[in-house]
Amino acid sequence: MLSSIGQDGSPDGTNQPEVRGTPMAETHDALTYNRVAKAFHWTIALLIAVMFVLGWTMDSESRTESHLTAVDFHMTLGLVIMVLVVLRLIWRLGNPPPPLPDHMSRMERRAAGLAHATLYALTFAIPAAGLIMVLYEGSADLFFGLIDLRGKPLGSEDVAELFSEIHMWLGWALVLVLVGHISAALGHHFFLKDGLLYRMLPALSRTRRA
Ligand code: HEM
Ligand code: HEM
């Protein structure tokens with residue numbers, strides 16, 4: 001699936017691909033993620049960090065008249081992330097990532113592909129579970145009062161309970177995968193020194209390339 005659209009741009013796994021008929025070595029930009037990919041990556045990463053801070057600190061019981069509580073921010077920002085992830089995935093289908101460094105084994109490429117696919121899946125599934133939870137709970141106050149469905153539960157409280165659990169556990173799964181993802185990125189940078197991190201960093205990637 002996602003992993004198959006690839007970390008390794010080459011059809012045969014040799015990592016010596018051609019991009020639209022141009023040998024990879026001839027085009028430097030093909031070795032880094034482009035600006036749109038970086039913008040998606042860092043915007044979503046930052047917003048997700050904010051979501052965890054809100055999720056772990058907010059008073060989830062608060063149902064005030066105000067539409068500006070931390071929970072309201074959490075719900076609205078969460079939906080924005082969900083939309084961004086969908087746009088990012090659609091965009092990625094037409095813009096495959098650059099090939100991974102040559103030294104990476106087939107196993108490492110598979111692990112990277114799987115981790116990235118899992119990150120995409122979780123960053124969509126977590127807000128989706130959150131949305132279902134608040135719709136069934138009758139606590140949805142989205143876009144700062146624009147869609148106020150508080151007190152109008154869609155159905156059974158049990159469904160809300162179930163999706164509350166799912167929302168929480170998928171959140172922990174994301175934390176786990178992110179620990180691996182960030183460790184891998186830093187490991188490549190500090191131990192392997194293969195320049196992989198620069199592929200995803202803004203301006204620096206123009207001067208230090210993988
Ligand atoms: C919520 C936080 C984050 C999420 C959801 C996330 C997600 C992702 C995803 C889905 C990709 C694959 C992009 C693609 O090929 O389409 C990726 C790539 C990457 N991420 Fe993150 N990321 C996060 C945080 C970070 C952080 C903090 C770092 C740095 C320490 C980082 C470094 C990288 C690098 C270097 C790549 C490119 C790997 C390569 O060259 O193939 N990410 N990230
Ligand atoms: C990427 C998006 C999201 C992330 C990372 C996220 C993360 C979290 C986390 C970590 C918690 C605390 C869970 C706990 O320990 O009990 C939480 C709670 C909560 N989240 Fe989210 N969330 C996201 C999107 C959403 C969305 C879109 C909604 C609703 C539209 C939502 C509604 C809630 C509610 C109501 C709680 C309170 C606790 C509960 O009743 O389960 N979240 N979220």
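This briefing describes the fold of one chain and the surroundings of its two ligands. The model is predicted. The chain comprises four helices and four strands, and buried residues account for 21% of its 210 residues. Ligand 1 and ligand 2 are each surrounded by 22 residues.

**Chain architecture**

- Along the sequence, the secondary-structure elements follow the pattern β-β-α-α-α-β-β-α.
- Among contacts in the chain with a separation of 6 or more, 67% join residues 24 or more positions apart.

**Surroundings of ligand 1**

- The residues that come nearest to ligand 1 are Ala 45, Pro 97, His 116, Ala 185 and Met 200.
- Two or more residues of this shell are contributed by each of α1 (35–57), α3 (106–137) and α4 (157–192).
- By class, the shell around ligand 1 holds 15 nonpolar, five polar and two charged residues.

**Surroundings of ligand 2**

- The closest residues to ligand 2 are Gly 55, Ser 60, Gly 78, Pro 127 and Gly 130.
- The elements giving two or more residues to the shell around ligand 2 are α1, α2 (70–94), α3 and α4.
- The shell around ligand 2 consists of 13 nonpolar and nine polar residues, with no charged residues.

**The two shells side by side**

- Helices α1, α3 and α4 each give two or more residues to the shell around ligand 1 and also to that around ligand 2.
- Helix α2 is among the elements that give two or more residues to the shell around ligand 2.
- Two charged residues belong to the shell around ligand 1, whereas the shell around ligand 2 has none.

Technical notes
Residues are numbered from 1 along each chain as its sequence is written. Chains are lettered from A and ligands numbered from 1 in the order in which they are written. This is a predicted model: local features need pLDDT of at least 70, side-chain atom pairs count only at pLDDT 80 or more; totals for chains, interfaces and linings use all residues. A residue is near a molecule or strand if its C-beta atom, placed from the backbone, lies within 6 Å of it. Ala, Val, Leu, Ile, Met, Phe, Trp, Tyr, Cys and Pro count as nonpolar, Asp, Glu, Lys and Arg as charged, and the others, Gly among them, as polar. A residue is buried if 20 or more other C-beta atoms lie within 10 Å of its own, exposed if 12 or fewer, and partly exposed in between; C-beta atoms are placed from the backbone. Two residues are in contact if their C-beta atoms, placed from the backbone, lie within 7 Å.
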